[in-house]
Amino acid sequence: MHFDKNKASSVVVLMPDKHMGNLIVSLSSIAALEESFAGSRFLAVVDERYRDIAESLLEGHKLLFFPGREIKSSAFLNKITLFFTFVGHLRTARADLVVDLHGGRTS
């Protein structure tokens, strides 16, 4: 299958992994993807616990934080509200291309 990267006006990269090391290893890939799709809107999704790391190392990137820990520790109705609020924010990206660097159940 051939994909014309010039047709992707919006790109989302998913890396909501709860393991810090996996995020650190993926930072160069996230930066390379953003550079490769320089003419596109770009959004990186990372776990909320690494907000400080992501904001400092991915400075200038548009970031969305997955509330994984909060979802896990919340009551059932709050979990649903948190999840669908997150999905609503994610949908506003209107992605033409999604790159899943995590590959886990959260993605």
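This is a short dialogue on reading side-chain features in a predicted model.

Biologist: What are the aromatic pairs here, and how many does the structure hold?

Modeller: The structure holds two aromatic pairs. In one, the ring centres of Phe66 and Phe86 lie 5.0 Å apart and the planes meet at 80°, so this pair is edge-to-face. The cut-off behind that word is a plane angle over 60 degrees.

Biologist: Which parts of the chain does the pair of Phe66 and Phe86 link?

Modeller: Distant parts: Phe66 belongs to strand S3 and Phe86 to helix H4, residues 76-91, with their positions 20 residues apart.

Biologist: Are Phe66 and Phe86 buried or exposed?

Modeller: Buried means under 20% relative accessible area. Phe66 has 10% relative accessibility, so Phe66 is buried. Phe86 is buried too, at 8%.

Biologist: What is the geometry of the rings of Phe83 and Phe84?

Modeller: Their centres are 5.3 Å apart and their planes stand at 80°, so Phe83 and Phe84 are also edge-to-face. As for exposure, Phe83 is partly exposed at 37% relative accessible area, whereas Phe84 is exposed at 54%.

Biologist: Which residues make the nonpolar surface patch?

Modeller: Phe83 and Phe84 again, together with Phe76, Leu77 and Ile80; the patch is about 550 Å². A residue enters a patch only with over 30% relative accessible area. Ile80 sits in helix H4 and has 32% relative accessibility, so Ile80 counts as partly exposed.

Biologist: Turning to charges, how many salt bridges are there?

Modeller: The count is two. The idea is a side-chain nitrogen of Lys or Arg within 4 Å of a carboxyl oxygen of Asp or Glu. Asp47 and Arg49 form one of them, with 3.0 Å from N to O.

Biologist: Is Asp47 buried or exposed, and what about Arg49?

Modeller: Asp47 is buried, at 2% relative accessibility. Its partner Arg49 is partly exposed, with a relative accessible area of 32%.

Biologist: Which side chains meet at 3.6 Å, N to O?

Modeller: Those of Arg51 and Glu55, in a salt bridge. The two residues are four residues apart in helix H2, so about one helical turn separates them. Arg51 is partly exposed at 38% relative accessibility, and Glu55 is partly exposed at 40%.

Biologist: Which residues form the positive surface patch?

Modeller: Arg41, Lys62, Arg91 and Arg94. Residues with a salt bridge are left out of patches. Lys62 occupies the loop between helix H2 (51-57) and strand S3 (63-66), and Lys62 is exposed, with a relative accessible area of 55%.

Biologist: Where does Arg94 lie?

Modeller: Arg94 is in the loop between H4 and strand S4 (97-100). Its relative accessible area is 66%, so Arg94 is exposed.

Biologist: What should I look for in the backbone angle phi?

Modeller: The sign, because most residues other than glycine have a negative phi. Arg94 has a positive phi of about 45°, although Arg94 is not a glycine.

Biologist: To recap, what do I take from the helix H4 features?

Modeller: Phe86 in helix H4 pairs with Phe66 in strand S3, and Phe86 is buried. Ile80 is also in helix H4 and takes part in the nonpolar surface patch with Phe76, Leu77, Phe83 and Phe84. The loop between H4 and strand S4 holds Arg94, one of the residues of the positive surface patch.

Note on methods
Residues are numbered from 1 along each chain as its sequence is written. This is a predicted model: local features need pLDDT of at least 70, side-chain atom pairs count only at pLDDT 80 or more; totals for chains, interfaces and linings use all residues. Side-chain values use heavy atoms; hydrogens and water are left out. Patches are made of residues with over 30% relative accessible area and no salt bridge: like charges are joined within 9 Å, nonpolar side chains (Val, Leu, Ile, Met, Phe, Trp, Tyr) within 5 Å. Accessible areas come from the Shrake-Rupley method with a 1.4 Å probe; for residues, only the protein chains shown count as cover. Lys and Arg count as positive and Asp and Glu as negative; His and the chain ends are not counted. The place of a charge is taken as NZ of Lys, CZ of Arg, CG of Asp or CD of Glu. Buried means under 20% relative accessible area, exposed over 50%, partly exposed in between (1.4 Å probe, protein chains only). Rings of Phe, Tyr and Trp (its six-membered ring) pair if their centres lie within 6.5 Å; planes under 30 degrees apart count as stacked, over 60 as edge-to-face and the rest as tilted.
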